[in-house]
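This briefing goes through one protein chain, starting with the whole chain and then moving to helix packing, aromatic rings and single residues. Keep the structure in view while reading.

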Amino acid sequence: MLKKISVMKKIIWILVIGGLSLAACKNDPLDITPDGRITLADVFRDEKHTEAFVNTIYTSVPEYLWSYYYYSLMAGASDEARESFVGNGIGDFCEQWNIGNVTPTFNPMADLFSTGRNTNRYAGFWTGIRNANIFLDEIEGVNFFSAEKTSRLKGEVRILRAFYYLELIKQFGPMPIFSSSLAPDFDYSPLTRPTFQECVDFIVSDCDAAIANTDLRLRLNAENERGRVTKAVAYAV
């Protein structure tokens with residue numbers, strides 16, 4: 001009798017587990033329970049999230065000078081100066097540059113250090129441009145900022161986009177110009193390089209728009225705004 005009860009229990013458990021497994025198979029794996037993650041649309045429905053997105057665009061500004069291995073200045077990779085560390089250590093980026101160890105897959109200025117912000121310049125600058133374009137597209141539908149603040153943020157982001165393009169073309173030559181965000185299925189294969197002048201014109205147009213923006217200041221005095229771009233940065237670019 002006990003043996004039969006034990007067998008019946010096993011059968012019941014098998015049926016229960018099997019039923020649960022079948023039910024799980026019917027569920028869409030992408031149909032998940034909310035876990036705190038938000039969509040891009042959610043970001044631009046909230047004031048704090050929108051401002052945080054602008055701060056994300058700033059994170060593509062790299063940390064210069066200190067993180068080049070080994071604390072070298074870029075002048076050492078040019079005719080301006082000679083890096084004193086060359087010959088005294090292995091792997092100095094100036095030495096690698098000067099002896100011609102530069103390939104399509106190895107850039108001494110990007111690959112010989114792994115600390116700091118935006119060490120992969122190419123990917124980092126494109127990320128900044130992509131986020132800038134998303135913001136400029138989405139900010140048009142935002143109504144929780146004052147007109148003055150919306151205008152100022154747009155000016156900041158256009159300066160950042162211009163700066164990222166400037167850094168890209170200085171190091172990699174003319175780059176495709178994107179003034180709006182791209183769909184996830186965008187086909188990149190037909191893209192060709194524009195002229196260097198076309199890139200310069202696009203950069204200048206962003207800077208001119210920022211300089212003409214009456215809501216963007218020439219300089220900042222508030223401590224909590226330290227590090228934000230201003231008209232002065234647009235002039236510099």
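**The chain as a whole**

Of the 237 residues in the chain, 34% are buried. The model is a predicted one. Its secondary structure consists of nine helices and zero strands, which gives the pattern α-α-α-α-α-α-α-α-α when read along the sequence. Among contacts between residues at least 6 apart in sequence, 57% join residues at least 24 apart.

**Helix packing: α3 with α6**

- Two packed helices are described by the angle between their axes and the distance between the axes.
- For α3 and α6, the angle is about 150 degrees and the axes are 9 Å apart.
- Angles over 145 degrees count as roughly antiparallel, so α3 is roughly antiparallel to α6.
- The crossing in which α3 passes α6 is left-handed.
- On the α3 side the contact involves T50, F53, V54, T56 and I57, and on the α6 side G128, N131, A132, I134 and F135.
- Sorted by class, the residues in this contact of α3 with α6 are six nonpolar, four polar and no charged.

**Helix packing: α3 with α7**

- The axes of α3 and α7 come within 10 Å and cross at roughly 20 degrees.
- An angle under 35 degrees counts as roughly parallel, so α3 is roughly parallel to α7.
- α3 passes α7 in a crossing that is left-handed.
- From α3, the residues making the contact are E47, E51, V54, I57 and Y58, while α7 supplies K149, L153, E156, V157, L160 and Y164.
- The contact of α3 with α7 has seven nonpolar residues and four charged ones, with no polar residues.
- V54 and I57 of α3 take part here, and V54 and I57 are also listed in the contact with α6.

**Helix packing: α7 with α8**

- α7 and α8 have axes that come within 8 Å and cross at roughly 155 degrees.
- The cut-off of over 145 degrees applies again, so α7 is roughly antiparallel to α8.
- This crossing of α7 and α8 is left-handed.
- α7 contributes G155, R158, I159, R161, A162, Y165, L166 and I169 to the contact.
- α8 contributes F196, C199, V200, F202, I203, S205, D206, C207, A209 and A210.
- By class, the contact of α7 with α8 holds 13 nonpolar, two polar and three charged residues.

**Aromatic rings**

- Aromatic rings pair if their centres lie within 6.5 Å, and by this rule there are 11 aromatic pairs.
- One pair is F44 with F135, whose ring centres are 6.3 Å apart and whose planes are at 50 degrees, so the pair is tilted.
- F44 sits in the loop between α2 (40-43) and α3 (47-58), and F135 sits in helix α6 (residues 121-138), so the pair ties together parts that are 91 residues apart in sequence.
- Both F44 and F135 are buried.
- F135 is also among the α6 residues that meet α3.
- A single aromatic cluster is formed by W126, Y165, F178, F186, Y188 and F202.
- Two members of the cluster, Y165 of α7 and F202 of α8, also belong to the contact between these helices.

**Single residues to find in the model**

- R152 is part of helix α7 (residues 147-172).
- R152 has 16% relative accessibility, so R152 counts as buried.
- Apart from neighbours within four places in sequence, R152 is in contact with N213, D215, L216 and R228.
- G76 is in the loop between α3 and α4 (93-98).
- With 7% relative accessibility, G76 counts as buried.
- G76 and N98 are 22 residues apart along the chain, and their C-alpha atoms are separated by 8.8 Å.
- Neighbours within four places in sequence aside, G76 is in contact with A81, E83, C94 and N98.
- L220 is in the loop between α8 (196-211) and α9 (231-236).
- The relative accessible area of L220 is 27%, so L220 is partly exposed.
- From L220 to K231 the distance is 9.9 Å in space, C-alpha to C-alpha, and 11 residues in sequence.
- Not counting residues up to four places away in sequence, L220 touches E225, R228 and T230.
- R228 therefore appears in the contacts of R152 and of L220.

Terms used. Residues numbered from 1 in each chain as written. Predicted model: local features only at pLDDT ≥ 70, side-chain atom pairs only at ≥ 80, totals over all residues. Heavy atoms only, no water. Phe/Tyr/Trp six-rings, centres within 6.5 Å; stacked < 30°, edge-to-face > 60°. Helix = DSSP H or I, 4+ residues; strand = E, 2+ residues; numbered from the N terminus. Buried < 20%, exposed > 50% of the residue type's maximum accessible area, 1.4 Å probe, protein only. Axes fitted to C-alpha atoms, helices over the stretch in contact; angles between N-to-C directions. Parallel < 35°, antiparallel > 145°, perpendicular 65-115°, else oblique. Left-handed = near helix turned anticlockwise from the far one by under 90°. Contact = heavy atoms within 4.5 Å. Nonpolar A, V, L, I, M, F, W, Y, C, P; charged D, E, K, R; others polar.
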